[in-house]
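Student: I am new to this structure and would like to learn how to read its features one at a time. Could you take me through them slowly, giving the general idea before the particular case?

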Amino acid sequence: MAFFSFKCPKEDPLLKMLRDTYNATPLRIPDSTTKVLDIIAHRGRKSMRYGPIKPLLGIDSDPEITESPLPDLALVKSNDINLKFGLGLMSQMLKGFGFPGGDLSSTMNGVEEISISIEDLKKIAVAPTAIGQLLHGKTLDDSHPAAHLFTRKKEKFELLVITNILVGKKISFTLKGSGSKEVDVNVEALKGKLKATDIDLKTQSSNTKNLVFEGPEPLTFAFSCIELTVDEAKRAFLGEIINPPVPKSVGSDEMVPGPSQPKEISLMHASVPALMEFDDAE
């Protein structure tokens, strides 16, 4: 997997909220192909989208999928990023909106810093209990050509399943100049590069403008996943985190195992805030 690191002197508030509040991994290029119940084959620094989980486990039913708005995320912006790095990040993220790539610097003048926010996001999720019900009585079909990555003895991949995705149609870039330097954006030139995307330029002041891109369809900006473990009988279970031991009763010196919970996986390391690109991404 490739990561596009945020080179910031302090922790980025947008990535921190995605990681700490939603246990989510943000995507470098938002896409319409990352879905709930998709498999990720993960090992070390390699993460590949591996298709839906249902064929691999012989699942023939559909779980309940819920949707909920996330208004709090729209209030959080990234740190201000220097122009060179910010334009590189912008060009990557706008590929999800149809931008073919290339230099964006010719479309704007007077910009020195860029920050990012994602508007009107919603969470599409499958509860861990619903995934557990799907797995009940099912075994991994080791005759399936795609199963060997998770069952072989050497260099085995972890089997992760996406439990929720954060989707939206809008992304906003705040463009800041320095002092009295006026920020100017050639919106028509941008429209020529992103033909299927609505572009709106809002002026906050002469040296601060907000550039909003809205695409025709929802894109996945981030996802969360849970590890599945496969036993010797090829049965799949939700992976668990075992919490530290706790006293058996109030005031007791006898300790018992702490409660377990589904083991959610965030592929973004806390010490390296970054946007992820799958290894199979083009």
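Student: Which residues lie nearest the centre of the largest cavity?

Tutor: On a 1 Å grid over the protein atoms alone, a cavity is a set of points where a 1.4 Å probe fits but cannot get out, and lining residues have an atom within 4 Å of a point. Here the largest cavity is lined by 11 residues, and Leu14, Leu15, Met93, Ile118 and Leu275 are those nearest its centre. Please keep in mind that this is a predicted model, in which local features need pLDDT of at least 70 and side-chain atom pairs count only at pLDDT 80 or more, while totals for chains, interfaces and linings use all residues. Residues are numbered from 1 along each chain as its sequence is written, and side-chain values use heavy atoms, with hydrogens and water left out.

Student: What is the volume of the largest cavity, and how do its lining residues divide into nonpolar, polar and charged?

Tutor: A volume is the space filled by probe spheres set on the grid points, which are joined across faces, edges and corners. For the largest cavity this comes to about 70 Å³, and a search of the whole structure finds one cavity of 30 Å³ or more. As for the classes, Ala, Val, Leu, Ile, Met, Phe, Trp, Tyr, Cys and Pro count as nonpolar, Asp, Glu, Lys and Arg as charged, and the others, Gly among them, as polar. By that scheme the lining of the largest cavity has 11 nonpolar residues, no polar and no charged.

Student: Which element supplies the largest share of the lining of the largest cavity?

Tutor: Helices (H or I, at least four residues) and strands (E, at least two) are DSSP runs, numbered from the N terminus. Helix H1 gives the largest share, three residues, and H1 (13–20), E2 and strand E8 (113–119) each supply at least two.

Student: How should I read the largest pocket, and which residues lie nearest its centre?

Tutor: A pocket, unlike a cavity, is an open set of points with protein on both sides within 12 Å along at least five of seven lines. The largest pocket has a volume of about 220 Å³ and is lined by 13 residues, of which Phe150, Thr151, Lys156, Thr229 and Val230 lie nearest its centre. Its lining divides into five nonpolar, two polar and six charged residues, and the largest share, four residues, comes from strand E13.

Student: With which strands does E13 pair in the antiparallel sense?

Tutor: Two strands pair if DSSP finds at least two bridges between them. E13 pairs in the antiparallel sense with E10 (residues 158–176) over 16 bridges, with E12 (residues 198–205) over seven, and with E2 (residues 25–31) over three. Three bridges also join E13 to the antiparallel strand E14 (residues 236–238). To find these pairings in the model, you can look for Thr174 opposite Asn210, Leu201 with its bridge partner Leu211, Pro26 with Ala222, and Val230 with Ala236. E12 and E13 form a hairpin with two residues between them, whereas the hairpin of E13 and E14 has five residues between the strands, with Lys234 taking a positive phi near 70 degrees.

Student: Is Thr220 in E13 buried or exposed?

Tutor: Buried means under 20% relative accessible area, exposed over 50%, and partly exposed in between (1.4 Å probe, protein chains only). Thr220 has a relative accessibility of 2%, so it counts as buried. Strand E13 (residues 208–230) is mostly covered, with 17 of its 23 residues buried. Contact means heavy atoms within 4.5 Å, and, leaving aside neighbours within four places in sequence, Thr220 is in contact with Leu27, Pro30, Asp31, Thr34, Ile165, Leu166 and Val167.

Student: Why do the buried residues of H4 line one face of the helix?

Tutor: The arc is that of the directions from the helix axis to the C-beta atoms. In helix H4 (residues 128–135), Ala130, Ile131, Leu134 and Leu135 are buried. Seen down the axis of H4, these buried residues fall within an arc of 145 degrees, so they line one face of the helix. On the other side of H4, Thr129 and Gln133 are exposed, while the buried residues pack against helix H2 (54–57), E10, E13 and E14.
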